[in-house]
Amino acid sequence: MNKIIKYIIVIVLAAIVAAIVYFSLRSPEKKSIDISNARINDVEIMARLCVVDIYSEVPVLDTINKKVIFGIQKQNGSVSFDMEKMEIDTVGDTVRITLPPEIVELYESTEPNSWEVIDTKNIGLLGALRSNKLTNEEDNMVKAKIKSNSKKRLYDTGVVRRARAEAARNLENMMTNIYRKPVKVTDPTPEGACKSCR
């Protein structure tokens, strides 16, 4: 009886070894992966004071390449200030800070239906025979124009002016707590640093 059990154990072990050999030979060859040391080419540290977050829905009525377009674009953005570009000096016990130029960022929103073309119409000669649909290039031209006009509107409606005034107040309070001295923030361009935007 013991011999039969020994034979069964030997047969089972042989079957397991044979199965392992069989499946290891059938498995696909593993691909080699090359790993190299990581390198950092450039590091930019930017501390920003963000004053205004922008969300708007902009109605669009424009003409591009003899096509009239009517649509709506949702935009996100911000008005912020690069803290590293602040000019700081002291006179007596007062710290003087000059507010740097504003950074106005404006993008098409990433949420669904952020760019909706409601209607287009070709108004050129033989317009009825040509396509009313905008090409990708025309679409991009319209969006670039929308961004430029929206940015200009932020200056015209005083959004940037209010952001600069608020940034000066916030910076004065924050730096007074940091330096434990009187702080005076001056704004050389209260209407905004971008002259071409007005």
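Trainee: Is Lys145 buried or exposed, or somewhere in between?
Mentor: Lys145 is partly exposed, at a relative accessible area of 37%. Buried stands for under 20% relative accessible area, exposed for over 50%, and partly exposed for the range in between, with a 1.4 Å probe and protein chains only.

Trainee: What kind of model is this?
Mentor: This is a predicted model, in which local features need pLDDT of at least 70 and side-chain atom pairs count only at pLDDT 80 or more, while totals for chains, interfaces and linings use all residues. Residues are numbered from 1 along each chain as its sequence is written, and side-chain values use heavy atoms, with hydrogens and water left out.

Trainee: Back to Lys145. Which side chain does Lys145 meet in a salt bridge?
Mentor: Lys145 pairs with Asp62 at 3.1 Å, N to O. A salt bridge here is a side-chain nitrogen of Lys or Arg within 4 Å of a carboxyl oxygen of Asp or Glu.

Trainee: Which parts of the chain does the pair tie together?
Mentor: Lys145 belongs to helix H2 and Asp62 to strand S1, so the bridge ties together parts 83 residues apart in sequence. Helices (H or I, at least four residues) and strands (E, at least two) are DSSP runs numbered from the N terminus.

Trainee: And is Asp62 buried or exposed?
Mentor: Asp62 counts as buried, at 15% relative accessibility.

Trainee: What does Glu138 form a salt bridge with?
Mentor: Glu138 bridges to Lys67, and their closest N and O atoms are 3.0 Å apart. Glu138 lies in helix H2 and Lys67 in strand S2, so this pair ties together parts 71 residues apart in sequence. Glu138 is buried at a relative accessible area of 7%, and Lys67 is buried at 8%.

Trainee: What about Glu108?
Mentor: Glu108 forms a salt bridge with Lys143, the closest N and O atoms being 3.1 Å apart. Strand S5 holds Glu108 and helix H2 holds Lys143, so the bridge ties together parts 35 residues apart in sequence. Glu108 is partly exposed at 28% relative accessibility, and Lys143 is partly exposed at 22%.

Trainee: How many salt bridges are there by this rule?
Mentor: The count comes to 10. Glu102, Arg164 and Asp187 are linked in a network of salt bridges.

Trainee: New topic: the fold. How many helices and strands does the chain have?
Mentor: There are 3 helices and 7 strands, arranged along the sequence as α-β-β-β-β-β-β-α-α-β. Of the 198 residues in the chain, 29% are buried.

Trainee: Which residues of the largest nonpolar core touch the most other members?
Mentor: Ile97 and Leu171 do, within a core of 25 residues. The elements that each supply at least two of its residues include strand S1 (48-64), strand S4 (94-98) and helix H2 (136-156). Helix H3 gives the most, with 7 residues. A nonpolar core is a set of buried Ala, Val, Leu, Ile, Met, Phe, Trp, Tyr and Cys residues joined through side-chain atoms within 4.5 Å.

Trainee: What does Ile97 touch?
Mentor: Leaving out residues up to four places away in sequence, the residues that Ile97 touches include Met86, Ile88, Leu171, Met175, Val183 and Val185. Contact means heavy atoms within 4.5 Å.

Trainee: Which residues belong to the other core?
Mentor: Apart from the largest core lies another of 8 residues, among them Val60, Ile64, Trp115 and Ile146.
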